[in-house]
Amino acid sequence: GTIMSDTKRMTYNAAYTYPKTTITTGSDNVETKIEQKYPPDDLALTDLNSRNIINAVVEEKKTVGTELVLTSLKSYDDWFSNDNVIEPKTLEIKTYNNSTGDKLQYYKYDIFGNPLELAKENGERISYLWAYGGTEPVAQVQNALNKDIAYTSFESGDNGNWVIGRGYSLPGSSFA
């Protein structure tokens, strides 16, 4: 017999159409506020602003009631120095009012913008292999560099990090 509802209010900056602040109020009357910053909010982000990349969230803060519960900060990089793959370089997540947080470092991307190698700060590397034209991750390997792992499959024509010489093929592959 109890009615439950959530009310969501969003505010936008006039310069772009992405939400700057989202406030959700639940049936318990507790407000959850999410504030997001984008490159136009920080003119020091010249790499993103000069390329007109305005939808990348560079900072996000989440407050429940009056308590700050989460802050995330992202830095971005042009991974191939050709404006084709501009993806996060670091992600730092701070919980509550901690001055330091967990930091994730990205080390390598493919040409589709998929992460190939990353690690928590001072942690082991986690590497990924992607197939089907870079649309599906097919392997996640912990404690290995991306260049040191490979796979093969009869389902995909991808070489999965194998170096295939001229005139050779892997069973089930389309390479020859």
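The paragraphs below lead through strand pairing, salt bridges, a surface patch and some backbone angles in this structure. The model is a predicted one, and the residue-level remarks that follow should be read with that in mind.

A convenient place to begin is the run of strands β6, β7 and β8. Strand β6, which covers residues 86-95, is joined to β7 by four bridges, and the two strands run antiparallel. Within this pairing, L91 stands opposite L104 of β7. The two strands form a hairpin with six residues between them, and in that turn Y96 has a positive phi of about 55 degrees. Strand β7 also pairs with β8, again in the antiparallel sense, over five bridges. Here K108 has E117 in β8 as its bridge partner. The connection between β7 and β8 is likewise a hairpin, with five residues between the strands, and G113 in its turn has a positive phi of about 85 degrees.

The loop that links β7 (102-109) to β8 (115-120) deserves a further look, for I111 is located there. With a relative accessible area of 65%, I111 is exposed. Together with F80 and F112, I111 forms a nonpolar patch on the surface, and the accessible area of the three residues together is about 340 Å².

From this patch the account turns to charged side chains. Side chains of opposite charge can pair when their charged atoms come close. In the structure as a whole, a search finds eight salt bridges. One of the salt bridges is formed by D41 and K20, whose closest N and O atoms are 3.4 Å apart. Because D41 lies in the loop between β3 (31-37) and α1 whereas K20 belongs to strand β2 (residues 19-25), this pair ties together parts that are 21 residues apart in sequence. D41 counts as partly exposed, at 28% relative accessibility, and K20 is also partly exposed, with a relative accessible area of 29%.

The surroundings of K20 can be followed further from its position in strand β2. The C-alpha atoms of K20 and E35 are separated by 5.7 Å, although the two residues are 15 residues apart along the chain. If neighbours within four places in sequence are left aside, K20 is in contact with T11, Y12, N13, I34, E35, Q36 and D41. The salt-bridge partner D41 thus appears in that list of contacts as well.

A second group of charges is centred on strands β3 and β4. Which residue forms a salt bridge with K37? The partner is E59, and the closest N and O atoms of the pair are 3.9 Å apart. Since E59 lies in strand β4 and K37 in strand β3, the pair ties together parts that are 22 residues apart in sequence. E59 is buried, with a relative accessible area of 17%, because a residue counts as buried when this value is under 20%. K37, by contrast, counts as partly exposed at 43% relative accessibility. The side chain of E59 also meets that of K61 in a salt bridge, with an N to O distance of 3.7 Å. K61 is partly exposed, its relative accessible area being 31%. Through the partners they share, these salt bridges join K37, E59 and K61 into one network.

The last stop is the backbone. Most residues other than glycine have a negative phi, and with that in view two loop residues are worth inspecting. The first stop here is N52, a residue other than glycine whose phi is positive, near 60 degrees. N52 has its place in the loop between α1 (46-50) and β4 (59-64), and N52 is exposed, with a relative accessible area of 60%. The other is Y132, which has a positive phi of about 55 degrees although Y132 is not a glycine. Y132 is found in the loop between β9 (126-131) and β10 (136-142). Is Y132 buried or partly exposed? At 37% relative accessibility, Y132 counts as partly exposed.

Key
Residues numbered from 1 in each chain as written. Predicted model: local features only at pLDDT ≥ 70, side-chain atom pairs only at ≥ 80, totals over all residues. Heavy atoms only, no water. Buried < 20%, exposed > 50% of the residue type's maximum accessible area, 1.4 Å probe, protein only. Patch = residues over 30% accessible without salt bridge, like charges linked within 9 Å, V, L, I, M, F, W, Y side chains within 5 Å. Areas by Shrake-Rupley, 256 points an atom, 1.4 Å probe, with all protein chains shown as cover. Salt bridge = Lys/Arg side-chain N within 4 Å of Asp/Glu carboxyl O. Contact = heavy atoms within 4.5 Å. Pairing = 2+ DSSP bridges.
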